[in-house]
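User: Please take a close look at one part of this model, the place where its two domains meet. Keep it brisk.

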Amino acid sequence: MESSAPGKVILCGEHSVVYGEPAIAVPVTGLRCRARMAPAMPGSGLLLVAADLNQRTALRTAALDHPLAALARLVLEHLDCDEPDAVLTIHSDLPIAAGLGSGAAVSVAAARALAGFLGHVLSEEVASALAYEVEKLHHGTPSGIDNTVIAWERPVVFVKGKAPEVLEISIPLRLLIADSGFPAATREAVAGVRQRRESDPDFYEARFSRMGALVRMARAALEQQDLPALGRLMDANHALLVEIGVSTPRLEALVQAARLAGALGAKLTGSGMGGNIIALVTMEGAPAVAGALRDAGAVHVWQTVTT
Ligand code: MEV
C-alpha cells in the first residue's frame with residue numbers, strides 16, 4: 001500500500017493569509033513525498049520510519065508531539081481502528097524547512113497510506129483536516145493553506161477557515177523554484193511578523209490588505225491568461241514581503257538575478273527568512289533564468305508547470 005503527495009508553492013499571499021486575506025497556491029507535482037505501508041509481525045505494533053532522516057520510531061513509545069506519530073494517532077482515531085502491526089516508511093524529494101510544504105506532504109501521504117492499509121479512502125477534506133492538526137505542531141498558527149493545496153493537489157484560492165476554491169488555470173504556468181540553501185523557519189517567521197504587527201498594527205494591516213488586493217488581481221490575471229501582469233503582481237507582492245521583514249540578502253540576490261535574466265516576475269515563497277524563491281518564466285526564457293539563479297548561488301533549481 002503506497003500513497004504520495006506533492007509539494008506546494010504559494011504564488012501570492014503568504015503571511016497575509018494568516019490574517020484572513022486570500023492566497024493562491026499551486027501543487028508542485030514533480031517533487032513528492034511517498035509513504036508505504038508493509039505488514040509486520042503480529043504484536044509488533046506500528047513502526048514509523050523516516051527513511052531520509054534515518055529515524056525509526058515505535059508509535060507506542062513516540063512522544064505526543066512527534067509529528068508522524070501524532071498523524072498516525074489522528075488517523076486511527078478518525079477511523080476508529082486499532083494500531084496495526086505494520087511499518088510505515090516515508091521517502092521525500094522535498095527539502096525540509098524550505099517553504100515547499102514538506103511537513104504537510106508527509107502528513108497527507110502518510111494519512112492516505114495508513115488509511116489505505118486499513119481499507120479506507122480519505123477524502124481531500126479529511127486528509128487536509130488531519131494534516132492541519134499536525135501543521136499546528138510544526139508551525140504554531142498555520143493558516144491551513146499548505147495541507148489544503150497538498151491534499152487537493154490542484155491550484156487553489158484559499159481563505160483561512162473556508163473551503164478552498166479550486167482554480168482552473170487554462171494556460172501553462174511555468175515556475176522556477178530556487179532554493180537559497182538556508183532553512184525557512186516558518187514558526188519563527190510567522191511569530192516574528194505577529195510580534196511586529198502587535199507593535200505597529202496600522203503598518204502591517206495596510207500591507208496585508210494590499211497583499212489581499214494583489215491576490216485578487218493575480219487571480220484575474222490568471223483568468224485572463226495575462227502572464228506579464230501576473231509577473232508584475234508577483235514583484236509587487238515580493239516588495240510588500242520585504243516591507244514586513246521576511247526577506248533576506250540571499251533571497252534578494254535570487255529574486256534580482258531572476259528578474260535581470262528575463263523572468264516575468266519573481267518573489268520569495270512561503271514564510272521567507274530563507275527557503276525558496278519562485279520565478280515566473282516562459283518556456284523560451286526558462287534556461288537563461290535557471291542559469292542565472294544557479295550563478296547567484298541557488299543550491300537547487302526546479303521547474304514546475306501547472307496547467
Ligand atoms: C505557509 O506556507 C506560509 C505562511 O503564509 C504561513 C501560513 O500560511 O500558515 C507564512
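Analyst: Start with a term: a polar contact is a pair of N or O atoms within 3.5 Å; within protein, one must be able to donate a hydrogen and the other to accept it, and residues adjacent in sequence count only if both atoms are side-chain atoms. Between domain 1 and domain 2, 12 residue pairs are in polar contact, both at pLDDT 80 or more.

The model is predicted: local features need pLDDT of at least 70, side-chain atom pairs count only at pLDDT 80 or more, and totals for chains, interfaces and linings use all residues. Residues are numbered from 1 along each chain as its sequence is written, and side-chain values use heavy atoms, with hydrogens and water left out.

Domain 1 covers 2-165 and domain 2 covers 169-306; these bounds come from an automatic or database domain assignment. Their centres, taken over C-alpha atoms, lie 24 Å apart.

In contact (heavy atoms within 4.5 Å) are 33 residues of domain 1 and 41 of domain 2. Together the domains bury about 2,900 Å², 65% of it on carbon and sulfur atoms. Buried area is the accessible area (1.4 Å probe) that two parts lose on being put together, summed over both. Leu 11, His 15 and Tyr 19 supply 24% of the area that domain 1 buries against domain 2, more than any other three residues.

Charges meet here too. The rule finds three salt bridges across the interface, each a side-chain nitrogen of Lys or Arg within 4 Å of a carboxyl oxygen of Asp or Glu. Arg 216 and Glu 21 form a salt bridge through their side chains, at 3.9 Å, N to O.
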